[in-house]
Amino acid sequence: MKSVNFLIKPASSLCNLRCRYCFYADEASNRDIASMGVMENETVETLLKEAYITVSDRGVVTFAFQGGEPTVAGLDFFRKFTERAKDLKPAHVQISFSIQTNGTLLNEEWAKFFHEENYLVGISLDGFPDLHNANRFDANGKSTWNQIIKNLDLLKKHKVHYNALCVVTAQCAHSPTKAYNSLKKMGFDYMQFIACLDPMGEEHGSRPWSLKPDAYGRFLCQLFDLWYWDWERGKYHSIRLFDDYIHILIGDGASTCSTCGQCGTYFVVEGDGTVYPCDFFCLDEWKLGRLGEKSLKEMLQSKNAMRFMKWGTEKPDDCSVCSWRSICNGGCKNDWVMAENGPHNYFCSSFKILFEYAAPRLAIILRAEQRERARLK
């Protein structure tokens, strides 16, 4: 494989926060074992050796850490992991490191480490204080915004590369301008806005924070306006979803599986070495195997992997007659709901609203990018 991509949960579903809408806490509660604990050195060794056996010569391995809250595993874990990853790395293989964190446990030592090892740090931060603190609080019910901002200043001080991940709840959907401008003001040049997920098995839209399709569609249109106006003024700020659409139109492909229309592009490795095909499907029925018991190549050839990848190519019937199929690619499987006539993407209408609204300006950006590429040839 030319690229091997890992999403590693070094502390499984363990977390120091109690976010109201946490999808992974809900997902883990639907397994026989909710938390696989903190990853041990033996599992790290097996993971790294398997990674380098699986990747082709001159290939790329990406190590992305997530949770739960990955920093619960402790800084020493990350120091040892990073050192061993570099020690064992074949000569012509490239590696990269990133982490998605709630940012509350960071300190000066963490910031120095991230800078020295060139980690990309994603901070989960919901736009502005009132919005964030309404849903993202610690185990004692205390707000977390101020601590995160304090720690963000440490990342800036040590010149760490960082970006923002904002969950779009029903409340956030009413304030796209405030959320976007707040993140810009804090120095985030790269942002992700992801739709809030409802608990598994529940009817969509039943929680106070639940995001409904019409609200999400309006949010995306207003957010697109802000993004486009900044691009037009030469003050560009990256929003990953919109960037992906431009790259798809150019022909480069997308950076996320939800926009590229293909499942099974990475391995999720839990704290005990159990491997799953997707962060949204870390469930017993989709388990691919466990490191040390099966090789990654064997897992890729397993019935569950084949079933998942085949399922990943399937689209709702709605897609076959949709004029936006080539750019939307059906969206994320985790957003599918069952209707009388088969599966349907819950946010299908949201994206149709966006594409119909934004298409003329996406075309303007596309032509500008094509001209720039031609100039640089």
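In this predicted model, helix 7 (residues 176–185) makes a good place to start: it lies across strand 5 (161–168), strand 6 (190–195) and strand 7. Relative to strand 6, helix 7 runs at about 150°.

The strands beneath this helix lead into a wider arrangement. Strands 5, 6 and 7 belong to an open sheet of 10 strands, ordered 7-6-5-4-3-2-1-8-9-10, in which the pairing is mixed. At its edges are strand 7 (238–239) and strand 10 (289–290), each of which pairs on one side only. Within the sheet order, strand 1 sits between strands 2 and 8. Strand 1 (residues 3–8) pairs with strand 8 (residues 267–269) in the parallel sense, over three bridges. One residue match can be picked out here: Ile8 has Val269 of strand 8 as its bridge partner.

Stepping back to the whole chain, the secondary structure comprises 14 helices and 12 strands. The C-alpha trace spans about 55 × 55 × 45 Å along its principal axes. For 377 residues, a compact globule would be expected to have a radius of gyration near 21 Å, and the chain agrees with this, having 21 Å.

Contacts and surface complete the picture. Of the contacts between residues at least 6 apart in sequence, 70% join residues at least 24 apart. Buried residues account for 51% of the 377 residues in the chain. The area that the chain exposes is about 17900 Å², with 51% of it supplied by carbon and sulfur atoms.

Key: Residues numbered from 1 in each chain as written. Predicted model: local features only at pLDDT ≥ 70, side-chain atom pairs only at ≥ 80, totals over all residues. Heavy atoms only, no water. Pairing = 2+ DSSP bridges. Helix = DSSP H or I, 4+ residues; strand = E, 2+ residues; numbered from the N terminus. Contact = heavy atoms within 4.5 Å. Axes fitted to C-alpha atoms, helices over the stretch in contact; angles between N-to-C directions. Rg over C-alpha atoms; globule rule 2.2 N^0.38 Å. Buried < 20%, exposed > 50% of the residue type's maximum accessible area, 1.4 Å probe, protein only. Areas by Shrake-Rupley, 256 points an atom, 1.4 Å probe, with all protein chains shown as cover.
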